[in-house]
Amino acid sequence: MLAPGRRLTCATCPSTQTQPRRAIQALIFWLTIRTGHGFSDVLRVTPASELTPLTLRTVPGVSAAAGRWTGTYDGRVSEAEATRTGSKRVLLAKPRGYCAGVDRAVQTVEEALKLYGAPIYVRKQIVHNRHVVRTLEAKGAIFVEENEEVPEGATVVFSAHGVAPEVHEQARARSLKSIDATCPLVTKVHQEAKRFAAQDYDILLIGHEGHEEVVGTSGEAPEHIQLVDGPEDADQVTVRDPDKVVWLSQTTLSVDETLETVARLKKRLPLLQSPPSDDICYATSNRQHVVKQIAPDCDVMIVVGSTNSSNSVRLVEVALDAGARAGHLVDFAREIDDAWLDGARTVGLTSGASVPEELVQEVLAHLAARGFTDVEEVVTADERLTFSLPQELKRDMRAAAAHG
């Protein structure tokens, strides 16, 4: 907030990403005692629509009875004053957190619980986040590894990461009522795999061995697909016909590493075809892009996400590659080691695509309590994509409403 020779701006935006907080009160008090002016003299309240979103320094907490507003301090802060006050800041990445596919999957379980009642069985973690899984368990969801653990005739939800065709066959054999919460962008990769396999292509699937999404996609055409787990694997690839080979990818990979892998593959296979559209999903790309923007200015980058979340792990890697001096992955604010913050002036903060915003807000509170009260939200994209619920669930919801 106190940047030498720069205008001091504090703001909150009317967004689901920003929640009112009390941290601004310390700033107001400081401005009052340093300038001799009261709050109304120091902060000029203006509607958020009059400001440029990409230049806002957002500090959750400024609010008015009629809504949220932005305040702009029309003064300048000297370098000496900024140093004396010991300003610490957080660069808060946006986009962050839930993507459309995760939101759809979590809603699917929640709506199924409302419609059918507990328990609802979920094969694998619905999304890779400990907090989300625990929250759904508390509501009556039971997470299992395989269909065999689900009682015959019960309802089972398939996770956002997708499943192989044999999983659907197993469910039918056990008379399970299955609801497929696979992300539509993962389904797109499944469809590409089936189409290229039908044309007798060799398919090079770039992804991480054992990841549920890779297992599901590979199951669509196991005789045609071989896994390429990073650039090092590219030199080991063998194909039947170098004129009929295509690459596909897991949707949650590092964009840069995937491009490096493709470049290595094309050195050996010049006629390697690319998928019709990007397989790495928009949310993965967007979250990595904003991290690249802020990482060079960060002493520490904190990524909120679980260790089994591929896209969250990639965010830490991307941050370090882009210039962050250190990077850490945490599920909860309480996992932050204060030693990470020793000597730090700027902390970057983001979250993986399966992380609810409340966990980010808890980290912001944790950082504010340790002096990081200047929060600047850096926005590089405006995500508005949504996906409708699975058709089989929507059908039952309509029927229930008709008989309600």
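Buried, in these legends, means under 20% relative accessible area, exposed means over 50%, and partly exposed covers the range in between. The structure shown is a predicted model.

**View A. A salt bridge between Arg89 and Glu376 joins two strands that are distant along the chain.** The side chains of Arg89 and Glu376 meet with an N to O distance of 3.9 Å, a separation that satisfies the criterion of a Lys or Arg side-chain nitrogen within 4 Å of a carboxyl oxygen of Asp or Glu. Arg89 belongs to strand 6 (residues 89-94) and Glu376 to strand 17 (residues 374-379), and the two positions are 287 residues apart. Glu376 counts as buried because its relative accessibility is 15%, whereas Arg89, at 22% relative accessibility, counts as partly exposed. By the same distance rule, the count for the model comes to 22 salt bridges.

**View B. Lys124 and Glu145 form a salt bridge from two loops.** The closest N and O atoms of this pair are 2.9 Å apart. Lys124 is placed in the loop between strand 7 (120-123) and helix 5 (130-139), while Glu145 is in the loop between strand 8 (141-144) and strand 9 (155-158), so that the pair, 21 residues apart, links distant parts of the chain. Lys124 is buried, with a relative accessible area of 16%, but its partner Glu145 counts as partly exposed at 46% relative accessibility.

**View C. Glu335 and Arg130 are paired in a salt bridge.** In this contact the closest N and O atoms are 3.4 Å apart. The two residues, 205 residues apart, again connect distant parts of the chain, with Glu335 in the loop between strand 15 and strand 16 and Arg130 in helix 5. Glu335 is partly exposed, having a relative accessible area of 31%, and Arg130 is likewise partly exposed, with a relative accessible area of 31%. Elsewhere, salt bridges that share partners join Arg123, Lys124, Glu145 and Glu146 into one network, a group that includes the Lys124 and Glu145 pair of View B.

**View D. Glu213 carries a UniProt annotation and is buried in the model.** The annotation "active site" comes from an unreviewed UniProt entry and covers Glu213. This residue is found in helix 8 (residues 212-218). With a relative accessibility of 3%, Glu213 falls under the 20% limit and therefore counts as buried.

**View E. Four acidic residues gather in a patch of negative charge on the surface.** The patch consists of Glu232, Glu257, Glu260 and Asp321. Among them, Glu257 lies in helix 9 (residues 255-268) and is partly exposed, with a relative accessible area of 33%; because patches are made of residues with over 30% relative accessible area and no salt bridge, this value meets the accessibility condition.

**View F. Asp342 is an exposed residue in a loop.** Asp342 lies in the loop between strand 15 (327-330) and strand 16 (346-351), and its relative accessible area of 61% places it in the exposed class. The C-alpha atoms of Asp342 and Val300 are separated by 9.9 Å, although the two residues are 42 residues apart along the chain.

**View G. Cis peptide bonds precede Pro95 and Pro119.** Most peptide bonds are trans. A cis bond joins Lys94 and Pro95, with omega at about 10 degrees, and Pro95 is found in the loop between strand 6 and helix 4 (100-116). Another cis bond joins Ala118 and Pro119, with omega at about 0 degrees, and Pro119 lies in the loop between helix 4 and strand 7.

**View H. Ser175 and Asp200 have positive phi values.** Most residues other than glycine have a negative phi. For Ser175, phi is near 55 degrees, and the residue is placed in the loop between helix 6 (165-173) and strand 10 (177-180), where it counts as exposed at 53% relative accessibility. For Asp200, phi is near 65 degrees, and the residue lies in the loop between helix 7 (184-198) and strand 11 (202-206). Asp200 counts as partly exposed because its relative accessibility is 39%.

Key: Residues are numbered from 1 along each chain as its sequence is written. This is a predicted model: local features need pLDDT of at least 70, side-chain atom pairs count only at pLDDT 80 or more; totals for chains, interfaces and linings use all residues. Side-chain values use heavy atoms; hydrogens and water are left out. Patches are made of residues with over 30% relative accessible area and no salt bridge: like charges are joined within 9 Å, nonpolar side chains (Val, Leu, Ile, Met, Phe, Trp, Tyr) within 5 Å. Accessible areas come from the Shrake-Rupley method with a 1.4 Å probe; for residues, only the protein chains shown count as cover. Lys and Arg count as positive and Asp and Glu as negative; His and the chain ends are not counted. The place of a charge is taken as NZ of Lys, CZ of Arg, CG of Asp or CD of Glu. Helices (H or I, at least four residues) and strands (E, at least two) are DSSP runs, numbered from the N terminus. Buried means under 20% relative accessible area, exposed over 50%, partly exposed in between (1.4 Å probe, protein chains only). UniProt positions are given in the numbering used here, feature names are shortened, and annotations may be inferred rather than shown by experiment.
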